[in-house]
Amino acid sequence: MLITQLTGILGKKKLSKKQKKRINRFSYLLGIPEVGYRTTCCHWCHVMERESFEDEEVAKVLNDKYISIKVDREERPDIDQIYMSFCQATTGSGGWPLSVFITADKKPFYVGTYFPKESKYGVTGFMNILEAIHQKWQGEREEIEDSAEKLTDMINQMTESEEAQVVDDQIFERTYNYFKSSFDAKYGGFGNEPKFPTPHNLLFLLRYYHMNHSQDALKMVEKTLIQIYKGGIFDHVGFGFSRYSTDRRWLVPHFEKMLYDNALLLMAYVETYQVTKKPIYKEIAEKIIAYVMREMTSQEGGFFCAEDADSEGVEGKFYVWTKEEVYELLGDEEGALYCKYYDITKKGNFEEKSIPNFIHTDLEEINSDPVLKEKLKKLSEKLFMVREERVHPHKDDKILTSWNGLMIAGIAMAGRAFGNLDYLDGAERAVQFIENNLFRSDSRLLSRYRDGDAVNLAFLEDYAFLIWAYIELYEGVFKTEYLKSAIRLTDDVIRYFQDEQVGGFFLYGSDSEQLIARPKEIYDGALPSGNSVVAYTLLKLSKLTGNEAYERTAKRLFEHFGSKLNEAPFAYSMMLCAYIFGANPTKEIVLAGRSEDQVIKEMLRKINQSYLPFTVILLNDEQSNLGEINSFANNQVAIDGKPTAYVCENFMCQRPVFNLDALNDLIKQ
């Protein structure tokens with residue numbers, strides 16, 4: 001970067017004498033947080049970087065006339081959220097790169113997204129904007145500062161304007177009807193291109209299916225999961241999903257791969273496998289994990305953030321093939337076979353090259369022919385080995401607590417559902433990495449790790465997603481220490497983030513850097529919001545521990561955000577996953593006996609293979625110290641030394657049972 005990098009302006013640091021001298025000389029202080037992904041997954045961020053920030057002419061203007069700040073939104077979601085709200089409120093839209101002009105006290109007065117260096121595409125050029133704002137600042141500084149003050153007040157009023165309201169008792173039906181009306185029956189997904197998988201929409205529909213036995217809800221989930229797998233948004237050579245598709249068919253992605261997308265999709269495939277028992281969903285889930293373990297896992301066990309879309313300056317170059325390349329690598333006969341099934345043609349489907357995909361392929365034909373399936377697998381492996389010799393996209397090797405929490409939760413779910421101990425070991429190893437590297441000496445959680453450096457007090461989503469991971473991991477390996485960690489972190493969330501006056505949780509903690517606003521986010525976009533996941537984990541922990549205060553806190557949160565939920569429930573699908581958990585009778589299953597006992601293993605296998613979204617599971621064995629977590633469950637012990645299962649629901653416990661068939665009957669009730 002040719003522009004000066006100053007990171008203290010948005011923080012608590014005082015300006016240096018040199019900076020003050022520059023301010024006095026030019027009679028202003030401005031900052032431009034160009035907020036975007038550090039990886040090239042934000043294509044236009046990097047176009048702007050090449051056109052403007054690496055350009056000598058632009059750099060001279062920025063360094064001479066502005067204090068310039070570049071922010072990685074993955075490291076500072078608080079800064080991004082505040083200024084993105086300003087962008088959306090003043091322009092009606094938002095996105096990245098996010099370019100914001102602010103006063104010395106961090107207050108914004110002008111905002112935009114991508115600006116070309118010179119005016120084109122009907123967009124005013126960055127150079128023109130820089131010169132115009134500089135001139136206006138010199139002549140009308142007080143007017144600009146007054147405008148910035150009013151806009152900041154508007155941002156805070158938006159944050160504080162939540163109206164408590166009882167959640168509509170038809171909210172699940174309304175949300176389902178919205179998804180049904182916007183569903184793409186031919187290619188799956190919802191709405192028009194660009195199309196995002198948004199897995200928490202599917203998690204809600206699975207819960208709606210379970211609650212109402214709605215086959216249409218399940219069909220929407222299955223159609224979407226199959227179509228995104230068949231499309232080019234899935235990497236059929238090296239596995240893993242890209243962020244989103246630019247077209248209706250899921251063919252052409254923006255080729256960046258994000259850890260969180262793969263984590264959430266992993267959850268959706270695992271749960272759909274539990275519902276349907278169809279091997280295809282297990283197979284796809286296993287491919288996601290194979291990709292993550294191979295490409296996105298550090299030597300110490302933590303998970304990296306992302307892989308870029310570009311290599312050698314060209315988007316998608318690493319992933320596409322020509323028909324000639326495939327024939328040369330595989331020979332005429334095998335090349336023809338591969339190109340037939342993976343849609344690799346002379347014309348191509350992306351800039352005269354081909355993205356491997358199954359859109360026009362009948363998966364049933366492949367899955368019903370083991371010889372063909374194995375053949376295609378071997379041919380893909382040959383292409384993979386050759387592709388490994390290409391210049392790889394850049395890897396963003398930051399390790400974020402939040403995204404790691406999602407992946408740990410997803411892998412733990414897969415380990416349970418598939419009976420795969422290696423997956424559970426990988427999830428435990430990742431948690432161990434976080435415990436070793438992302439907690440301060442006073443046990444305050446941190447947000448980002450890279451090259452031995454852990455920084456930034458954790459945000460709400462860091463806590464929320466890690467708590468979720470601890471809960472899923474406990475129900476996979478039944479180590480009480482994981483439940484204790486979930487409880488400790490939940491108590492920290494209440495201590496540092498809760499709005500004690502009206503409910504809900506702030507984006508950043510009371511002990512964090514205080515910015516111009518302190519928002520509370522519940523929108524479930526590409527990522528579920530911290531509030532949504534906290535609500536979910538509060539309710540689950542309430543059932544796991546018997547602590548009803550957690551449930552009361554969650555219910556207060558629902559009421560606080562009730563007006564938003566009622567207005568547009570489909571925008572808060574993860575929040576509704578939490579609400580639907582609280583609205584349904586919950587089964588609490590306690591297995592009492594030694595974990596290595598064959599009957600206990602059989603019971604756990606049955607439970608883990610089943611889709612039980614409104615159930616929590618505890619294991620009371622001799623070493624668990626369960627009484628430290630749940631005194632009531634601690635009294636549910638093995639009777640006469642025999643493995644014993646207790647099933648409780650609606651404040652009533654069924655008669656203890658001692659074998660798998662009897663437990664299965666209780667689960668089905």
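Helices and strands here are DSSP runs, numbered from the N terminus. Glu 351 lies in the loop between two such helices, α12 (332–342) and α13 (363–367). The model is predicted, and that loop is a good place to enter it.

Start with the backbone at Glu 351. Its phi is near 50°, a positive value in a residue other than glycine. Glu 351 is exposed, because its relative accessible area is 62% and the cut-off for exposed is over 50%. Phe 358 also lies in the loop between α12 and α13. Phe 358 counts as buried, because its relative accessibility is 4% and buried means under 20%. One loop thus holds an exposed glutamate and a buried phenylalanine.

What does Phe 358 touch? Leaving aside neighbours within four places in sequence, its contacts are Tyr 229, Lys 230, His 236, Tyr 341, Tyr 342, Leu 363 and Ile 366. Take Tyr 342 from that list. Phe 358 and Tyr 342 are 16 residues apart in sequence, and their C-alpha atoms are 5.5 Å apart in space.

Phe 358 leads on to the aromatic rings. Ring pairs link it into a cluster with Tyr 229, Phe 234, Phe 239, Phe 241, Tyr 269, Tyr 281, Tyr 338 and Tyr 342. Across the whole structure, a search finds 34 aromatic pairs. One of them joins Phe 234 and Phe 239: the rings are stacked, 6.2 Å centre to centre, with 25° between the planes. The two partners differ in burial. Phe 234 counts as buried at 1% relative accessibility, whereas Phe 239 counts as partly exposed at 22%.

Two members of the ring cluster, Tyr 269 and Tyr 338, carry the path into the nonpolar interior. In soluble globular proteins, nonpolar side chains tend to be buried together. The largest nonpolar core in this model has 179 residues. Which residues have the most contacts inside it? They are Tyr 269, Tyr 338 and Leu 591. Look closely at Tyr 269. Not counting residues up to four places away in sequence, it touches Leu 225, Ile 228, Tyr 229, Phe 241, Tyr 281, Ile 284, Ala 285 and Ile 288. Among these contacts, Tyr 229, Phe 241 and Tyr 281 are also members of the ring cluster.

Rings also meet charges. The charged end of Arg 444 sits over the ring of Tyr 496, 4.5 Å from its centre. Arg 518 does likewise with Tyr 508: its charged end sits over that ring, 5.7 Å from the centre.

Next come the empty spaces. The count is five cavities of 30 Å³ or more. The largest has a volume of about 280 Å³. Its lining has 21 residues, and Glu 271, Gln 274, Arg 416, Glu 472 and Leu 612 lie nearest its centre. Several elements supply at least two lining residues each: α7 (199–212), α9 (259–276), α15 (401–418), α17 (460–477), α19 (530–545), α23 (598–609) and β16 (615–620). The largest share, four residues, comes from α9.

Two buried residues can be placed against these elements. Leu 218 is in helix α8 (residues 215–230). It is buried, with a relative accessible area of 6%. Beyond its neighbours within four places in sequence, Leu 218 is in contact with Leu 206, Tyr 209, Val 275 and Thr 276. Glu 649 is 431 residues from Leu 218 in sequence and 26 Å away in space, C-alpha to C-alpha. Ser 529 is found in the loop between α18 (480–497) and α19. It too is buried, at a relative accessible area of 4%. Apart from neighbours within four places in sequence, Ser 529 is in contact with Phe 465, Glu 521, Ile 522, Tyr 523 and Asp 524.

Return to the backbone to finish. Where is Trp 250? It lies in the loop between β5 (244–245) and β6 (253–254). Its phi is near 70°, a positive value in a residue other than glycine. Trp 250 counts as buried at 0% relative accessibility, whereas Glu 351, with its own positive phi, is exposed.

Cis peptide bonds deserve a look as well. One joins Trp 96 and Pro 97, with omega about 5°. Pro 97 lies in the loop between α4 (77–91) and β3 (98–102). Another joins Glu 193 and Pro 194, with omega about -5°. Pro 194 is found in the loop between α6 (171–182) and α7, and α7 is one of the elements that line the largest cavity.

Key:
Residues numbered from 1 in each chain as written. Predicted model: local features only at pLDDT ≥ 70, side-chain atom pairs only at ≥ 80, totals over all residues. Heavy atoms only, no water. Phe/Tyr/Trp six-rings, centres within 6.5 Å; stacked < 30°, edge-to-face > 60°. Buried < 20%, exposed > 50% of the residue type's maximum accessible area, 1.4 Å probe, protein only. Lys NZ or Arg CZ within 6 Å of the ring centre and 35° of its normal. Core = buried A, V, L, I, M, F, W, Y, C linked by side-chain atoms within 4.5 Å. Contact = heavy atoms within 4.5 Å. 1 Å grid on protein atoms, 1.4 Å probe; cavity = no way out; pocket = protein on both sides within 12 Å on 5 of 7 lines; lining within 4 Å. Points joined across faces, edges and corners; volume = space filled by probe spheres on them.
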